[in-house]
Amino acid sequence: MKQDTFELFISYSRRDNAPKKPGDAKGWVETLRDEIMARHLAKTTAPLRFFFDRDDIKGMDDWRHRILTGLQQSKILLVCLSPEYFKSDNCLWEWEEFHRHKASRLAGHESVAPVYFVEAPGSDEQATAAFQSFVNRGQYKDGELEKFIPRWREWHAAIRRFNHYDFRPWFDQGSDALAQEAVQARLDELAGNLTDRIARTRRAADAPGNLREFNPHFVGRTRELVKLHETLIRDGAVGVITAVNGLGGQGKTEFAISYAHSHADSYPGGLWVLGAEGRAELLPLFGELAGDARLGIALSAGPEETAAQRGLRVLARMKELALAAHAHDPDGGASCLVILDNVTEPRLLSKPQRSQLPKEDWLRLVATTRLGETDFPIGHGPLAFLEMTSLDEADAVDLIRNHQPPLDADGLRRDFPPATREADEAAARQIARDLGGFTLAIESVAIHLGLHGHIRPAGYLARLRAEGLVSVDALPADADVAAQMEHREKQLALVLEQTLKMLGAAEHGPALTALHYAALLPPDSIAWPWLRALVEQEHPEALATRPGYPDPWATLRRRLEGLRLLTPADHPELARLHRMVAAHLTARLGDERIERLRRLRATVEDFALALQHDIEHDPAVHVWQVLPLQEAVRHWREGEQDTALGHIAGVVGEIERRIGRMDVAQTFLELFHHTAEQYLAANPQSAQAARDVSVSLNKLADFLAKRGQPGDAEAALAHYQRALQISEDLLAANPQSAQAARDVSVSLEKLADFLAARGQPGDAAAALAHYQRALQVREDLLAANPQSAQAARDVSVSLNKLADFLAARGQPGDAEAALAHYQRALQVLEDLLAASPQSAQAARDVSVSLNKLADFLAARGQPGDAEAALAHYQRALQVREDLLAANPQSAQAARDVMVSLERMARMEGSRAGGEANALELQARALGIAIKLREGNPGSLFYGRTVAVSFFLTFQRAQGAGNDKVATQCLTGCFATLDEMIRAGMNLDAPMRQLHAQLQPLFQKPA
């Protein structure tokens, strides 16, 4: 070891080193240092090189430069913890700087040793006090608390994760404490542990091997380094082979090399790297180390020696080296580490190949590969895969910072210049975001900026956005940039080409088609069903299934995931594609991009229209599709806005309106309307363009009518009226068009619904006229096409709407007319069900109509109405229970049963003596509501449903005199609403009001 290097850095607050009592010559920190040194020298004659700033900063030395030297050289950081320590900006700087270079310590995860002097709680008050201390010393500005707190908390929490040594009971006693036996024992333990750790780092520095020098610019990957080490030492497993796999350019080899350096203390028997590309046999590969002077054996044992025999001789020599180190290894392992770099042949890691290796615990293997788990045979045994993903934002910024021109003569301080530091860090963060943290791309930019110090990150960011993401590949064309890059391939285009070549010939075309379409979608929200539909359009024969054979699509999907071209997202049917890879794939498309994008949007439009229907009947199953549709619209809206984009936006906006996310709904509905208006202006003779405008106006009016802010009613009315006028004009231009007539009826009913709800003078008469005309239009359509189920269903809808209006208006004769309409609507639907008895839709329509008729009769209350209403409710419930039995996974069917039970409970509760039966029915409904929410824990809709059901059950329990159940249900109602509010859900006004009313009963005052 060089005499001018350090091994142990003591990080402390100077206030903790002040003498505690009069007469004390030294403070606690100096005392601790001297006691550790004395115990170290009692074990070994090799001195322990401390960095202690009171001794090691001389005269006019630049203190920060000198400390930086100590931090970068030291293997172990001894931290003296106290409240003062966590108030010191110097201590924070020391901690962060030490960890920037942690991977080169040769001490693995044992490079920090905390000592407690005084309790250092991580309270908000202490964090704020520390921040104020930093502000007072000019390290932070007022108002930057949000920036400081996460950094401080990470510092505090990270140190506390290490095993510590506790001197808190004796700190205030000063030097007198040294006479106590307990203090001496604790000092013995600390000093012994540090001596052992330092000894390990010394042996690690002397370990044989062909490992290249550590890359001083390596950053991050802390969790992955720990995970890899834990995997390799698990069960002392000789056969554990960890494959570091991932898309090329993410730094797999650099990670493996950095792991070997950072945990070299665990491998004093040797650190070796073997290039494995194209190799399929392990023993001949090991044999390539023969003749390496660092291994110390001859190239050949004789002319008859085979490649496999040479490999066995290499392994025997490795074992000798391991056993020679064994006597000095306190762990008793003295392992060798061998890195198999860039495995391209799965056979190399097969069980027959691994069986040729020694079954002893001195050998560990790490393999880097672009292959995935699916590329290796089933039963591949002890292979543990660790994926290399993109750098996180902070690490990417550090990589750029670490390549900056040095700020000192020794090249130790590499950082952004003080004058531009804040702007540089902000621009570097944005570069990291734009490049998605892709290691190869970040490294190229970092080296480029380091070589051209006059180019600030903001300048390169402007260039990147002007030239596009693929322009990063031009940087390694500079020979100086390429010379500093550790990656095998210097450009992502080459990496991608090599990865695509790994696709088998049979799957290459379909897989590439899937990737090209994926590249045109939002990178974090790619729906697998969309890709399948598109690949089937272009390669129907490739995805054809045959009995007894694997599903070609499932095979293709596993292959793309195995090569990490597409990776899992937050839902099983969603995937991610790195934005850098997407940019290169899109560039490969060239002129073909426009046609591919057109097909993609048309396919996504089909999925959106299908979702609009499906989500009404089973929202729990289909709601996941809303997110990728939203992201697709956002992804495309800055480019060409066609009708497909508008239709998709309209579906998303309508679904969001029904869910109740009004701000999101408004964005998409306005986009639909804007796109439709643009297309109509460009194509004024297009009936479809005019129809799209009409539909978009109605959707936007529905939104405004529901939102109900000042001015919304007037705007909604104007939209409804213009939508109706457009539909009327289209019908006048084509009076034989059933679609045009149906559109008029839809617009009439929407306008009628609005007027009926508004209730201003004259609204009722206008609404009635619109309902009656809508019904007549639909009656005419049914008469023209009596076999049309859709026409019949439309008539039933109009009859029920007209009946609802008349029942609510309540003028003389309205009740009789309403009853007649309800009865005819039910008969129309009964006929449809009789014609299609297997139709779930027809059965559900009948149940809805039965409930409407029952509601009317229950409210009218004439003799015999109650019995008839109950009979209708019971039959509706039976229909719905049959539907649920036929489809037990259907959330819609379950909710329909719940609604019917609640209707019956309401009716039973209104009858004398029916309170107990009402409670039983409502309790059944509550049970269904709870199960629905359990299946959709994050759903606002189902959360609200449970809260309402709890409250209804509370009311029924009160009516039945069951106070215990009433209390339980009221508690459940509040707990559900409170949980939703704490989760940030936007409850509607009635639910917020109910929560506020219940809050005093269940929450104690603060």
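**Figure 1. Strands β8 and β9 are joined by 6 bridges and run parallel.** In this predicted model, strand β8 spans residues 336-343, and its Leu337 has Arg364 of β9 as bridge partner. Strand β9 covers residues 363-369, and 7 of its 7 residues are buried, so the strand is largely enclosed by the rest of the structure. Leu363, Leu365, Ala367 and Thr369 point one way from β9, whereas Arg364, Val366 and Thr368 point the other way, and the residues of both groups are all buried. Arg364, the bridge partner of Leu337, therefore belongs to a strand whose 7 residues are buried.

**Figure 2. Strands β11, β13 and β12 form, in that order, an open sheet with antiparallel pairing.** The edge strands of this sheet of 3 strands are β11 (526-527) and β12 (567-568), each of which pairs on one side only. Strand β12 and strand β13, the latter made of residues 574-576, pair in the antiparallel sense over 2 bridges. Within this part of the sheet, Thr567 stands opposite Arg576 in β13.

**Figure 3. Helices α35 and α36 pack with their axes within 9 Å of each other.** The axes of α35 (residues 865-886) and α36 (residues 891-909) cross at roughly 160 degrees, and the two helices are therefore roughly antiparallel to each other. The crossing in which α35 passes α36 is left-handed. On the α35 side, the residues that make the contact include Ala866, Ala869, Leu870, Tyr873 and Leu877, while on the α36 side they include Ala893, Val897, Leu901, Met904 and Met907. The residues of this contact divide into 15 nonpolar, 2 polar and 6 charged; Arg880 and Glu881 of α35 take part in the contact, as do Asp896, Arg903, Arg906 and Glu908 of α36.

**Figure 4. Gly174 is a buried residue with a relative accessible area of 6%.** Gly174 lies in the loop that connects β5 (165-166) with α7 (181-205). When its neighbours within four places in sequence are left aside, Gly174 is in contact with Lys20, Asp24 and Trp28. One of these partners, Asp24, is 150 residues apart from Gly174 in sequence, yet the two C-alpha atoms are 7.3 Å apart in space.

**Figure 5. Thr513 is found in helix α19, which comprises residues 505-519.** Thr513 is buried, with a relative accessible area of 4%. Not counting residues up to four places away in sequence, Thr513 touches Val535, Glu538, His539 and Arg596.

**Figure 6. Thr643 is a partly exposed residue of helix α26.** Helix α26 is made of residues 643-659, and the relative accessible area of Thr643 is 27%, a value that falls between the limits of 20% for buried and 50% for exposed. Thr643 is in contact with Tyr679 and Asp692, its neighbours within four places in sequence being left aside. Between Thr643 and Ala676, which are 33 residues apart in sequence, the distance from C-alpha to C-alpha is 6.7 Å.

**Figure 7. The whole protein, shown as context for the close-up views, has 40 helices and 13 strands.** Buried residues make up 52% of the 1006 residues in the protein. Among the contacts in the protein with a separation of 6 or more, 71% are accounted for by residues 24 or more positions apart.

Key. Residues numbered from 1 in each chain as written. Predicted model: local features only at pLDDT ≥ 70, side-chain atom pairs only at ≥ 80, totals over all residues. Heavy atoms only, no water. Helix = DSSP H or I, 4+ residues; strand = E, 2+ residues; numbered from the N terminus. Buried < 20%, exposed > 50% of the residue type's maximum accessible area, 1.4 Å probe, protein only. Contact = heavy atoms within 4.5 Å. Axes fitted to C-alpha atoms, helices over the stretch in contact; angles between N-to-C directions. Parallel < 35°, antiparallel > 145°, perpendicular 65-115°, else oblique. Left-handed = near helix turned anticlockwise from the far one by under 90°. Nonpolar A, V, L, I, M, F, W, Y, C, P; charged D, E, K, R; others polar. Pairing = 2+ DSSP bridges.
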